[in-house]
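User: Please take a close look at a single part of this model, the interior packing. I would like one connected account.

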Amino acid sequence: MQLRKAVRSALQLLLAARLSSSMLSPTPPMGFNDWARFECAINQTVFTDAVDAMVSTGLRDVGFKLVTIDDCWSDHNRTSNGSLTWDTKLFPNGLIWLSDYIHKNKMNFGIYSDAGILTCGGYQGSYNHEEIDAKTFASWGVDYLKLDGCNVDSVPGQSDEETYRQIYERWHPILPPLNITFSESAPAYFVNDKNPVASGKCNATEEQFWNISPQGTISAPFAGNACLSVKGSSVVTENCTSAPGQIWTHGIAGYLVNQATKQCLTEKNSSISVAKCGDELDSQVFEIPL
């Protein structure tokens, strides 16, 4: 009897593991996403050119088959029935046409939305529109959804992490029946005090790419666009707000000076912090590519 129970328990665990793994993509999203290069300066040609280049260079044939439109693709207003629609000036042939173009080239079509009330770029978010947006994306032939997490309001009595978890979980029963794979940006927002920023040998991994905005924020484009922020003497990554603690000025001597503290970004013993400018000399000099 005990053996039978043990076997039954093992089979139940195996089944649960198989069900769980079947919900996960075997690889991360592999292909083209416009944000790191173009941000909001997109149009239809950006994506048809990307498809053509990925086919002609052989990238598609070695597994890079996803073409994803990031933020700023939509009209600022929903249609009369509450659906999202594309900006017709940017996509004159429409996203259904673009989806067909991508699929005819044996590639997959990805799109961006946000779990909050607005996207990071200020366009319509999917909060309280999860089902209608998912069905809209499916009707356009979308295969993959990048779901960001800007403009999510705090809920009294809940931590931000609990709020994000509940909002993202709304999507879990909706997308699989529509055969849409999706990724969640929110986990990258909760790496701040638990995961302070560290330095390491440069090897061109995605975690080592940083984007410096005209406003002076320094964000990680491949890690949820989290921004470098000062907490006391520590430097952490957290959701970008453009607060003074996230604004940096690159001085002529190579210093990165924080607007809030007037201290300099400092690398010492693989640890990143802020300190009085000039105290650490070479540990405070950073080269910013033009």
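Analyst: Contact here means heavy atoms within 4.5 Å. With that cut-off, the cover over the buried residues of helix 6 includes strand 4 (144–148) and strand 5 (181–184). The model is a predicted one. Helix 6 spans residues 160–169, and its buried residues are Thr163, Tyr164, Ile167 and Tyr168. Seen down the helix axis, these residues fall within an arc of 125°, so they line one face of helix 6.

The wider setting is the largest nonpolar core, which has 34 residues. Ile69, Trp73, Phe91, Leu95, Ile111 and Phe137 are the members that touch the most other members. Two or more residues each come from helix 3 (44–56), strand 2 (66–69), helix 4 (95–104), strand 3 (108–114), helix 5 (130–139), strand 4 and helix 6. Helix 3 gives the largest share, four residues. In soluble globular proteins, nonpolar side chains tend to be buried together.

Ile69 shows the packing at one residue. Leaving aside neighbours within four places in sequence, Ile69 is in contact with Asp34, Ile42, Phe47, Phe91, Leu95, Leu98, Phe109, Gly110, Ile111 and Tyr112. A second, separate core has nine residues, among them Ile218, Leu228, Leu256 and Leu265.

For the protein chain as a whole, there are six helices and 13 strands, and 35% of the 290 residues count as buried. Among contacts with a separation of 6 or more, 58% join residues 24 or more positions apart. The chain exposes about 16,600 Å², of which carbon and sulfur atoms supply 54%.

Note on methods: Residues numbered from 1 in each chain as written. Predicted model: local features only at pLDDT ≥ 70, side-chain atom pairs only at ≥ 80, totals over all residues. Heavy atoms only, no water. Buried < 20%, exposed > 50% of the residue type's maximum accessible area, 1.4 Å probe, protein only. Arc of directions from axis to C-beta. Core = buried A, V, L, I, M, F, W, Y, C linked by side-chain atoms within 4.5 Å. Areas by Shrake-Rupley, 256 points an atom, 1.4 Å probe, with all protein chains shown as cover.
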